[in-house]
Every structure is written in C-alpha cells, then in structure tokens.
Amino acid sequence: MRAFVIREYAHPSKIALSQDAPEPKPAEDEVLVEIFSAGLNYYDILQSQGKYQVQPPFPFTLGSEFAGRIAANSPIPKGCPFKPGDRVFSAVQGAYADKLVARWRALLPLPASMTYDQGAGLFITWPTSYEALVGRAELKPGEWVLVTAAAGGVGIAAVQLAKALGAKVIAAAGSREKVDVAVRFGGADHGVNYRQPNWQKEVLELTGGKGVNVIYDPVGMIKDSLKCIAWKGRAIVVGFAAGQIEKLPLNLVLLKNIAVVGIHWGAYVKHEPKHIFEVHRAINELLASGRIKPVVYPQAFPLEQLADGLHLLEQRKTWGKVVVRIRDEKSGERAKL
Ligand SMILES: NC(=O)c1ccc[n+]([C@@H]2O[C@H](COP(=O)([O-])OP(=O)(O)OC[C@H]3O[C@@H](n4cnc5c(N)ncnc54)[C@H](OP(=O)(O)O)[C@@H]3O)[C@@H](O)[C@H]2O)c1
C-alpha cells in the first residue's frame, strides 16, 4: 500500500511516497481502517523533521487526523460497536497512507451528513476551538470575540462556533482575501487585516471603545491583541503559528484586569477522557442543526502531492482545513485528482 513513511528526519518536500509499504496488522483491540481523507496540520511538517514534541520511533508514517471506513477484512474486537463499512473519524499516527490500524475506542462515528473531507478535520480542529471558547473562556452570548488567523483551520472553526454561541465576532487575518474568507465562510460580523498598522484601533472602534471580551489566538499575538481587550476579558493561548513561543509581561494581565488561559486539546485524553465525548456530542448537535459547517480548502491533494499541500500550508497560502484525498468519496477507489 501507499504510505508517507519517514525513515530519517527531513522536510516533507524531500521525502518520496512509499508505494509498497506493508499493510499494518491490527492488535487485539484494534481495527483496520481504509483512509479516505486526512487533514493537514502544521505539526506534520515539524514531526517529519524531528522538531515536534511527539516523535514516534523510525520508521513511522506521517499524518494523524483522518476520516475513513472500517475495512472489509478488519477483525472486529469484542465490544467494538463498529462493523466493516462503517464511517469513522479520529486522529491516530499514520494517516497519510491507504490504511491504518486504530484502537476502536479511539474512533468516533462520522455523522451521515459529513463528507470524508469534512470529517478529516473533526477530531482535533473543532473540539480545540469549542473547548477553548466554552470550557476555557466561558464565552457568553452577546460578548465580543476576536479570532486571529481567522481563516485558518482552528481559526475559522472558532469564528463559526463563537457565532453559533451567540457572540459577535471580529475576524483578524493576514490579508484582505483571508479576512473575506472568514466573513464569507465563517460568518464573522467584521474583519480586520492584522498586517495593517494600528489594526487594534479598528477593533476598539467596532466595539464602541470597550474592546473584545475574548481573544482566541492560534498565532502568538496575545500581547498585540491586548491593546483591544475589554475589562475582565479572557485571552486564550491556542498556538504559535508565527513560529515563536510568545512571552507576555504579566503587568499587562494585572493592569487590564484580565485572565490568560491555555488550551491543550491533545492532553484531554490523559486528564479528562470523558469530556472529549461531551465536547464531540455538543459539536455533533451544532453540525446537525446546520449552525456550523466544516470549511475545506477547495484544492484537495492526492497522496502523491501531499508535500505540495504541506508546502502551501507552511507558506500561509491556504485557508480552512486542507486535506489530502486518498479514496474517492463515492467509489472508494484510489482518488484521481
Ligand atoms: N492548543 C491546541 O490544542 C491546538 C490544537 C490544534 C492546533 N493548534 C495550533 O494552532 C495553530 C494553528 O493551527 P491551524 O491548523 O489552524 O493552522 P493553519 O490552518 O495553517 O493556520 C495558521 C495560520 O496562522 C497564520 N500565521 C501568522 N503568522 C504565521 C507564520 N509566520 N507562519 C505561518 N502561519 C502564520 C496564517 O494566517 P494569516 O496568513 O491570516 O496570518 C496561517 O494561515 C498551530 O500553531 C497549531 O499547532 C493548537
């Protein structure tokens, strides 16, 4: 089978797709999954170069977020609710391949209304934004939210979720085109380009001089954004897409009477595993009601062009959730793009 196997650390552009990787063998509590779509994440680029906090031993297959189907020849462990042909999604090491093995307990059923492309971003991207806004910042209806990198994977999910939760949303992004994407596909009320000087002034004007109640920041621009935070505001540290771990003078936290909170969605598996299912249930309800809808970047990449997709992501040229399409949605055959 095809698999993007890492045998030594290198940038993805320097790695060739293996055409004859061995099919993985399920252990006792595992099932075999045919992958249809896999989500591209910045950390894949880091992991392939040995720069991520999670580094499996060599050789390993890159990729984690995926949506797929239980293979016809998969064993079904005792207690497993899935059967061959069931549509599932999850995040498990090895998603950039034709197949992977996963513990059945790590899989969730893919809602019937979701395509595999949409499902490929459901396991990490959406719950990160949901838990950040609801669990960590305790967002209330009517509050103002500022989302940075608002056209990106987690950003556009945060925009949609904040709107669905009754907030007023200001989308901030690095170009006019991306601001437009966040307004058009995310439903943001307003947009600002944070590459323009004094963009915070615009935010203050939009909020009647008061500032935003919640800042959702996957970039590493909390300090800049605090120029337009409201009294008793909450700033959520989501990530450092700009490449530097941001440092914050704590006198700003005191003077502005605010809270700074973090979100580490991956760590909920260890600390609050039950809560993961509660969050997914809440997201499912919002999906079923049509109040949120995954935004997939219009160009899906075949597995052979995975490195091109990762390169575009690295260059900030994408928006929404970028996916590699491995099998065709309808036929289940190898995707031809
Ligand atoms: N805390 C958690 O549990 C959790 C979970 C998932 C993801 N994350 C983190 O969230 C961040 C965003 O993830 P994502 O999947 O939304 O990524 P993404 O779709 O690639 O979006 C990232 C965006 O960040 C902006 N950006 C600003 N400066 C940048 C720079 N120097 N280089 C690259 N991008 C830059 C770009 O938007 P503009 O062009 O508009 O500036 C870019 O499109 C990542 O750091 C990721 O690790 C955290």
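**Entry 1: the ligand shell**

I began with the residues around the ligand, and by class I found 14 nonpolar, six polar and two charged ones in that shell. A reminder to myself here: this is a predicted model.

Next I looked up who comes nearest. Of the 22 residues around the ligand, the nearest are Gly153, Lys178, Tyr194, Ile263 and Arg316.

Then I wanted to know which domains take part. Domain 1 (5–122 + 295–325) and domain 2 (125–266) each give at least three residues to the shell around the ligand.

**Entry 2: polar contacts of the ligand**

Which atoms of the ligand does the protein reach with N or O? I noted three cases, starting with Arg316, where a polar side-chain atom sits 2.8 Å from an oxygen atom of the ligand. At Trp265 the partner is a backbone N or O atom, 2.9 Å from an oxygen atom of the ligand. Ala241 also uses a backbone N or O atom, and it lies 3.3 Å from a nitrogen atom of the ligand.

I checked the cover as well: on its own the ligand has 930 Å² of accessible area, and the protein covers 85% of it.

**Entry 3: the largest cavity**

How many cavities of 30 Å³ or more does the whole structure hold? My search turned up two.

I took the largest cavity to begin with, and it contains about 70 Å³ of space. I wrote down its lining: Gln118, Gly121, Thr125, Trp126, Gly153, Ile156, Pro294, Val295 and Lys321. Sorted by class, that lining has four nonpolar residues, four polar ones and one charged one. Gly153 caught my eye, as it lines this cavity and is also listed among the residues that come nearest to the ligand.

Looking at the elements, I saw that helix 3 (125–136) and helix 4 (153–164) each supply at least two residues of this lining.

Why do I place the largest cavity between the two domains? Domain 1 and domain 2 both give residues to its lining, so it lies between them.

**Entry 4: the second largest cavity**

For the second largest cavity I noted a volume of about 30 Å³. Its lining is made of Phe89, Leu122, His280, Ile283, Asn284 and Leu287. Which element gives the largest share of this lining? I found that helix 10 (residues 273–289) does, with four residues. By class I counted four nonpolar and two polar residues here, and no charged ones.

**Entry 5: the second largest pocket**

I moved on to the pockets and looked up the second largest, which holds about 340 Å³ of space. It is lined by 16 residues, and those closest to its centre are Met1, Pro22, Pro24, Phe60 and Thr61. Strand 3 (60–61) and strand 6 (99–103) are the elements that give two or more residues to the lining. The largest share comes from strand 6, with three residues. For the classes in this pocket lining I wrote 11 nonpolar, three polar and two charged.

**Entry 6: two backbone details**

Last, I went through the backbone. The peptide bond from Phe58 to Pro59 is cis, and I read omega near -15° for it. Where does Pro59 sit? I found it in the loop between helix 1 (42–48) and strand 3. Strand 3 is an element I had already met in the lining of the second largest pocket.

My other note is on Ala149, which has a positive phi of about 50° although it is not a glycine. Ala149 has its place in the loop between strand 8 (144–147) and helix 4. Helix 4 was familiar too, as it supplies at least two residues to the lining of the largest cavity.

Technical notes:
Residues are numbered from 1 along each chain as its sequence is written. This is a predicted model: local features need pLDDT of at least 70, side-chain atom pairs count only at pLDDT 80 or more; totals for chains, interfaces and linings use all residues. Side-chain values use heavy atoms; hydrogens and water are left out. On a 1 Å grid over the protein atoms alone, a cavity is a set of points where a 1.4 Å probe fits but cannot get out, and a pocket is an open set with protein on both sides within 12 Å along at least five of seven lines; lining residues have an atom within 4 Å of a point. Grid points are joined across faces, edges and corners, and a volume is the space filled by probe spheres set on the points. Ala, Val, Leu, Ile, Met, Phe, Trp, Tyr, Cys and Pro count as nonpolar, Asp, Glu, Lys and Arg as charged, and the others, Gly among them, as polar. Domain bounds come from an automatic or database domain assignment. A residue is near a molecule or strand if one of its heavy atoms lies within 4 Å of it. A polar contact is a pair of N or O atoms within 3.5 Å; within protein, one must be able to donate a hydrogen and the other to accept it, and residues adjacent in sequence count only if both atoms are side-chain atoms. Accessible areas come from the Shrake-Rupley method with a 1.4 Å probe; for residues, only the protein chains shown count as cover.
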